[in-house]
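Subject: Structure for you to look at, with notes

Dear colleague,

I am passing on the structure we talked about, and I would be glad if you could open it beside this message. My notes come after it, so that you can follow them residue by residue.

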Amino acid sequence: MAELVQRRLDRIRAEHAEVADGELADYIPELAGVDPDGFGLSLSTSDGFIYESGQAATEFTIQSISKPLTYALALHLIGLDAVDARIGVEPSGEAFNEISVDRVTNNPKNPMINAGAITAVSLIPAGSPDERFELIHDFYSACVGRRLELDHDVYTSEKASGARNRAIGYMLQSFEALDDDPDEVLDVYYRQCSLRVTCTDLARMGATLARGGMNPVTGRRVTSAAVVRRTLSVMVTCGMYDGAGDWVSAVGMPAKSGVGGGIVAVLPGQLGIGVYSPRLDDKGNSVRGVLTCRSLSEQLGLHFLTVRRDARATLRAVYEPRSGVRVYEAHGDLLFSGAEEVLRVAERERDRYDVTILDVSRVDDIDDTAREMLSALGAALRADGKEGHLVDPDGVVARAGSPEIRFRTVDDVLDALDRRRRPTP
Ligand code: DON
């Protein structure tokens with residue numbers, strides 16, 4: 001049952017496995033040494049359940065995916081107005097390492113390009129660079145739900161080769177956009193970029209943002225819903241740099257990429273996605289990461305303008321009208337996340353029933369992804385030695401012509417079961 005979701009993710013990853021376009025980032029020498037073929041995908045549901053495909057446990061450095069987190073931490077610690085006074089929210093249409101500020105305000109245009117990200121580091125209130133880094137390190141770890149480690153080799157490599165970022169730091173100082181010593185701020189920035197994550201960590205971080213700042217695994221609120229809303233807004237417009245327009249049209253999820261090869265994508269209220277593949281396009285985004293997110297969005301119906309409602313309350317009731325018979329009653333709009341929830345609950349409870357009844361009579365709307373997933377449930381149950389029945393008076397799941405028997409009510413199913421059990425006279 002949950003393997004129906006797993007198989008879809010495996011299939012989507014496999015579609016792009018042979019793509020070898022793009023180059024490793026080599027402007028940070030240490031990054032040029034990673035295995036170019038590494039390819040992992042993880043998806044976290046909003047309640048923290050993880051699906052993994054491929055090299056989901058491979059560690060890589062977080063790089064620019066750190067930017068929305070430090071921005072969120074700055075918003076959390078000093079507030080929206082104080083941050084807005086120093087960093088804009090306009091897409092720059094420029095490369096991530098452009099040496100530029102807004103012509104009118106003299107502030108960095110947004111927190112996703114290096115100029116804005118370096119300024120965001122300087123806004124974290126602390127008595128020393130070490131203390132500042134610890135606040136950042138603690139915050140990222142709380143978002144992910146485990147203590148992240150620093151990659152010392154990548155840190156020293158970037159620090160030794162960071163002429164461009166030093167130029168940005170001193171440019172910011174000259175425009176009075178940075179109060180602190182640029183080298184001290186940059187040192188913290190290099191450290192934050194060098195924290196190691198897996199794509200499962202990214203999916204978990206995405207789920208924390210999807211849940212409005214509550215880590216679904218630890219149950220800890222790391223920041224407020226207002227901070228997350230602002231952070232996700234900036235990820236929508238600026239997260240994929242000068243590729244942001246294409247991304248929003250084709251994928252439609254707030255996201256952030258890093259030159260380590262990671263991408264995090266967030267579907268608010270529903271899920272977080274992490275992808276890792278280190279070959280990059282000319283914008284600094286993972287080639288296979290972008291393709292995979294595009295396929296996930298198209299094939300699972302994840303564009304944020306398609307998914308209109310929070311699908312967390314899909315299962316309205318689960319009950320047992322008689323021993324060994326379990327009813328799952330779904331309601332509202334059934335999309336990928338809702339169907340996934342139904343399949344996973346049916347799997348988790350498989351020892352508690354011989355017969356399941358899926359009641360979709362209160363479902364208002366369903367997309368093709370959810371319909372396919374739920375239509376496959378009957379066969380998956382049979383393969384598991386169970387029986388599945390569908391209460392679907394309006395043909396929401398089983399369309400006209402489908403071999404599936406559609407019952408009108410749960411009582412109709414129970415009557416049919418009774419008739420079958422009653423000995424024929
Ligand atoms: O500032 C840098 O150059 C890196 N530490 C981070 C850049 C990055 O990840 C850009 N994103 N795709």
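Below is what was found, taken in order from the overall division of the chain to the two sheets and then to a helix pair and one residue.

Please keep in mind throughout that this is a predicted model.

**Division of the chain**

The domain assignment of the chain gives two parts, with domain 1 covering residues 2–298 and domain 2 covering residues 315–417. Their C-alpha centres lie 39 Å apart, and the contact between them involves 12 residues of domain 1 and 12 residues of domain 2.

**The antiparallel sheet**

An open sheet is formed by 5 strands in the order β2-β1-β8-β7-β6, and the pairing in it is antiparallel. Because β2 (50–54) and β6 stand at the edges with a single partner strand each, one side of each of them is left without a neighbour in the sheet. On average, and with direction ignored, neighbouring strands of this sheet are turned by 10 degrees against each other.

If you follow the sheet inwards from β6, that strand (residues 255–257) pairs with β7 in the antiparallel sense over 3 bridges, and serine 257 has isoleucine 263 of β7 as its bridge partner. The two strands make a hairpin with 4 residues between them, and in its turn glycine 261 has a positive phi of about 110 degrees.

β7 in turn pairs with strand β8 (residues 271–276), again in the antiparallel sense, over 6 bridges, with valine 264 placed against glycine 274 of β8 as its bridge partner. Here too there is a hairpin, with 3 residues between the strands, and glycine 269 in the turn has a positive phi of about 80 degrees. On from there, strand β1 (residues 40–45) and β8 pair in the antiparallel sense over 6 bridges, and the bridge partner of leucine 43 in β8 is isoleucine 273.

Is β7 buried or exposed? Strand β7 (residues 262–267) is mostly covered, with 6 of its 6 residues buried. This holds for both of its faces, since Gly262, Val264 and Val266 on one side are buried, as are Ile263, Ala265 and Leu267 on the other.

Two helices lie across this sheet. Helix α9 (residues 199–210) lies across β1, β2, β7 and β8 and runs at about 155 degrees to β8, while helix α12 (residues 287–300) lies across β1, β7 and β8 and runs at about 150 degrees to β8.

**The mixed sheet**

A further open sheet has 5 strands in the order β9-β10-β11-β12-β13, and its pairing is mixed. Its edge strands are β9 (315–322) and β13 (406–407), each of which pairs on one side only. Strand β12 (residues 387–391) and β13 run parallel and are joined by 2 bridges, with valine 391 standing opposite phenylalanine 407 in β13.

Helix α14 packs on this sheet, where it touches β10 (325–334), β11 (355–366) and β12, and its direction makes about 170 degrees with that of β11. Helix α15 (residues 410–421) also packs on the sheet, touching β9, β10, β11, β12 and β13, and its direction makes about 140 degrees with that of β12.

**A helix pair and one buried leucine**

Helix α1 (residues 2–16) and helix α13 (residues 336–348) pack at an angle of about 130 degrees, with their axes 7 Å apart, and α1 and α13 are therefore oblique to each other. In this contact Ala2, Glu3, Leu4 and Val5 of α1 meet Phe336, Glu340, Leu343 and Glu347 of α13. By class, the contact has 5 nonpolar, no polar and 3 charged residues.

Leucine 377, which is found in helix α14 (residues 368–383), counts as buried because its relative accessibility is 7%, and the cut-off for buried is under 20%. Setting aside residues up to four places away in sequence, leucine 377 touches Met1, Leu4, Leu343 and Leu358. Of these, Leu4 and Leu343 also appear in the meeting of α1 with α13. By C-alpha positions, leucine 377 is 46 Å from alanine 95 in space, and the two are 282 residues apart in sequence.

With best wishes

Definitions and conventions:
Residues numbered from 1 in each chain as written. Predicted model: local features only at pLDDT ≥ 70, side-chain atom pairs only at ≥ 80, totals over all residues. Heavy atoms only, no water. Buried < 20%, exposed > 50% of the residue type's maximum accessible area, 1.4 Å probe, protein only. Pairing = 2+ DSSP bridges. Axes fitted to C-alpha atoms, helices over the stretch in contact; angles between N-to-C directions. Contact = heavy atoms within 4.5 Å. Parallel < 35°, antiparallel > 145°, perpendicular 65-115°, else oblique. Nonpolar A, V, L, I, M, F, W, Y, C, P; charged D, E, K, R; others polar. Domains from an automatic or database assignment.
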